[in-house]
Amino acid sequence: MPGRSGTVRDSGLPAASREVFRLTTPVVVWWAWVAFAVANLIDLAVQGSKAHSAFVIGAVLLLITGFAYTLALRPRVVADQDGLDIVNPFRDHHVPWPVIQLIDAGDWVRVHHTRDSSPVTAVEVPGKAIECWALYVSARTRRRAARGAPPPRSGGFGAFNTYAQQLQANETTRLPAGARYLASLPPAKAIAARLDTRATKERARPGKSGRAAPAPSGRVTARWAAVPILAVLAPAIVLLIALLV
């Protein structure tokens, strides 16, 4: 999402057609783990460890790498012209725009949709919710929200921090009201608000006649993803064999 240091957005296509949302921290954790794992593999090769020990350590590194990929790098939310693709660790969901009732944030960003995959109408109908693993609200943020965020402290840099806060406040006041509101939210909640606004616009998109088109309902789909399952299961089997041999 532009202007939010807590998010990463894919800019390969125009924002109006396709956007990819994920938080920055899990991606940083993934690349830090990759660097650590590669350094350890190189160290094993240089030291010439015993074959069995090297095999076990390598299997452990691969298993943790599989979990890091599945839990940190893989999760994301993709918004395109058809709807939302919610990529969770082991499951992929597709939710068309017409069936999305609401997008909000609890512990995770939640996409609420009609239970029978029928288009949203003025009549309230029972719905279901899908949690987006990639877009979470940290425990620290939830604690601050529960007790009310205290004013930021100046820390050890005194006047410099005060000056930086004034600059940030001046920049914020020059933004439009909607942008100021999003800038005041935690990253995951800002993304939820942005996606909810887009869902509302997509549902009201006019057809060729210029009137709001009764868009086809589409269906909410969910499927297991083979790659992350194999990324965890295969190293686990290799490690089990190495420990039993």
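**Figure 1. Overview of the chain in the predicted model.** The accessible surface of the chain comes to about 14,900 Å², and 64% of that surface belongs to carbon and sulfur atoms. In this predicted model, the chain holds 7 helices and 9 strands, and 31% of its 245 residues count as buried. When contacts between residues at least 6 apart in sequence are considered, 59% of them join residues that are at least 24 apart.

**Figure 2. Helix α7, residues 226–244, from end to end.** Because each residue should add 1.5 Å, the 19 residues of this helix should span 27 Å, and the distance of 26 Å between its end C-alpha atoms agrees with that expectation.

**Figure 3. The buried and the exposed side of helix α7.** Pro-228, Val-232, Pro-235, Leu-239 and Ala-242 are buried in α7. These residues cover an arc of only 100 degrees around the axis, which means that they lie on the same side of the helix. An α-helix has 3.6 residues a turn, so residues three or four places apart point the same way. The buried residues of α7 pack against α2, which comprises residues 51–73, whereas Ala-226, Val-227, Leu-230 and Leu-244, on the other side of α7, are exposed.

**Figure 4. Glu-19 and its polar contact with Arg-198.** Glu-19 lies in strand β2, which runs over residues 19–23. Its relative accessibility is 4%, and because buried means under 20%, Glu-19 counts as buried. The side chain of Glu-19 is joined to the side chain of Arg-198 by a polar contact of 3.2 Å.

Key:
Residues are numbered from 1 along each chain as its sequence is written. This is a predicted model: local features need pLDDT of at least 70, side-chain atom pairs count only at pLDDT 80 or more; totals for chains, interfaces and linings use all residues. Side-chain values use heavy atoms; hydrogens and water are left out. Helices (H or I, at least four residues) and strands (E, at least two) are DSSP runs, numbered from the N terminus. Buried means under 20% relative accessible area, exposed over 50%, partly exposed in between (1.4 Å probe, protein chains only). Contact means heavy atoms within 4.5 Å. Accessible areas come from the Shrake-Rupley method with a 1.4 Å probe; for residues, only the protein chains shown count as cover. The expected span of a helix is 1.5 Å times one less than its number of residues. The arc is that of the directions from the helix axis to the C-beta atoms. A polar contact is a pair of N or O atoms within 3.5 Å; within protein, one must be able to donate a hydrogen and the other to accept it, and residues adjacent in sequence count only if both atoms are side-chain atoms.
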